[in-house]
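Q: I'm a first-year student and I'd like a close look at a single part of this structure. Could you pick one, show me how it is put together, and then walk me outwards to what surrounds it?

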Amino acid sequence: MEINKVRTNGIRCGNTRMPPVHKIYWKEELYGVSLDYATYMNDHKHFAHVSKEGEDAGMRLDNIGYNWRFVGENIAVGQYDFPEVLEDWIESESHCKMLMSKDMHHFAVARNEKYWVQTFATPMRQ
């Protein structure tokens, strides 16, 4: 998985050298959230982390009952395939740092038409 290659090798995000971090794991629940929001952005032609109704990534996870401790999101528009969107996220310092966050343990990425959403989360400890 390309994301874990980046994470376990470390990378420079802007002017900040990010050391290697642990692997993260695909979470199907997060895929549904990512796909739903990519579809929302496509349907509403609205490109932002917060929906027109004021819903953010944490609220989207709350809606599915994912009891999160940490949550984050990368979005993109216009890329043709995953390698291209990953490259663009790496070139963006803030998106790159989210990709490299040691606080995140789960992720998923989805696309609807030209809109991409990558959701990151870590559940509350039980």
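A: Let's take the sheet and start with one of its pairings: β3 and β5 run parallel and are joined by two bridges. To find that spot on screen, look for W26, whose bridge partner in β5 is F107. Keep in mind throughout that this is a predicted model.

Now zoom out to the whole sheet. The sheet is open and has four strands, in the order β3-β5-β6-β4, with mixed pairing. At the edges stand β3 (25-26) and β4 (68-77), each with a single partner strand, so one side of each has no neighbour in the sheet. As background, strands of a sheet pair through backbone hydrogen bonds, either parallel or antiparallel.

Next, step across from β5 to β6. These two strands pair in the antiparallel sense, over seven bridges. One of the matches is between A108 and T119 of β6. Another pairs N112 with Y115, again in β6. β5 and β6 form a hairpin with two residues between the strands, and E113 in this hairpin takes a positive phi near 55°.

One more step takes you from β6 to β4. Here the pairing is antiparallel too, with nine bridges. E73 has T119 of β6 as its bridge partner. You've met T119 already, as the bridge partner of A108, so T119 is a handy place to rest your eye while you trace the strands.

How covered are the strands in the middle of that order? Of the nine residues of β6, eight are buried, so β6 is largely enclosed by the rest of the structure. β5 is mostly covered as well, with six of its seven residues buried. Part of the surroundings is helix α2 (residues 28-44), which packs on the sheet and touches β3, β4, β5 and β6. The direction of α2 makes about 30° with that of β5.

Let's go back to E73, since its side chain has a partner as well. E73 forms a salt bridge with R60, and the closest N and O atoms are 2.8 Å apart. This pair links distant parts of the chain: R60 sits in helix α3 (residues 57-63) and E73 in strand β4, 13 residues apart. Both R60 and E73 are buried. In general, side chains of opposite charge can pair when their charged atoms come close.

The whole structure has five salt bridges, and it's worth setting two others beside the R60 one. K102 and D103 meet through their side chains at 3.7 Å, N to O. K102 is exposed, at 58% relative accessible area, while D103 is partly exposed at 28%. The other is between K5 and E2, at 3.3 Å from N to O. K5 and E2 lie three residues apart in helix α1, so about one helical turn separates them. K5 is partly exposed at 47%, and E2 is partly exposed too, at 41%.

Now follow the chain out of β4, into the loop between β4 and α4, where you'll find Q79. Q79 has a relative accessible area of 8%; buried means under 20%, so Q79 counts as buried. A polar atom of the Q79 side chain lies 3.3 Å from the backbone nitrogen of V77. Leaving out residues up to four places away in sequence, Q79 touches E84, V85, D88, R111 and W116.

Our last stop is helix α1 (residues 2-9), which brings us back to two strands of the sheet. The buried residues of α1 are I3, N4, V6 and R7. Looking down the axis of α1, you'd see these buried residues fall within an arc of 155°, so they line one face of the helix. What covers them includes β5 (106-112) and β6 (115-123), along with β1 (11-13), α4 (82-91) and α5 (93-99). Just after α1, G10 takes a positive phi of about 80°.

To retrace the tour on your screen, run along the order β3-β5-β6-β4, then look for α2 packing on the sheet, and finish at the R60 and E73 salt bridge.

How values were computed:
Residues are numbered from 1 along each chain as its sequence is written. This is a predicted model: local features need pLDDT of at least 70, side-chain atom pairs count only at pLDDT 80 or more; totals for chains, interfaces and linings use all residues. Side-chain values use heavy atoms; hydrogens and water are left out. Buried means under 20% relative accessible area, exposed over 50%, partly exposed in between (1.4 Å probe, protein chains only). The arc is that of the directions from the helix axis to the C-beta atoms. Contact means heavy atoms within 4.5 Å. Two strands pair if DSSP finds at least two bridges between them. Axes are lines fitted to C-alpha atoms, for helices over the stretch in contact, and angles run from 0 to 180 degrees between N-to-C directions. A salt bridge is a side-chain nitrogen of Lys or Arg within 4 Å of a carboxyl oxygen of Asp or Glu. A polar contact is a pair of N or O atoms within 3.5 Å; within protein, one must be able to donate a hydrogen and the other to accept it, and residues adjacent in sequence count only if both atoms are side-chain atoms.
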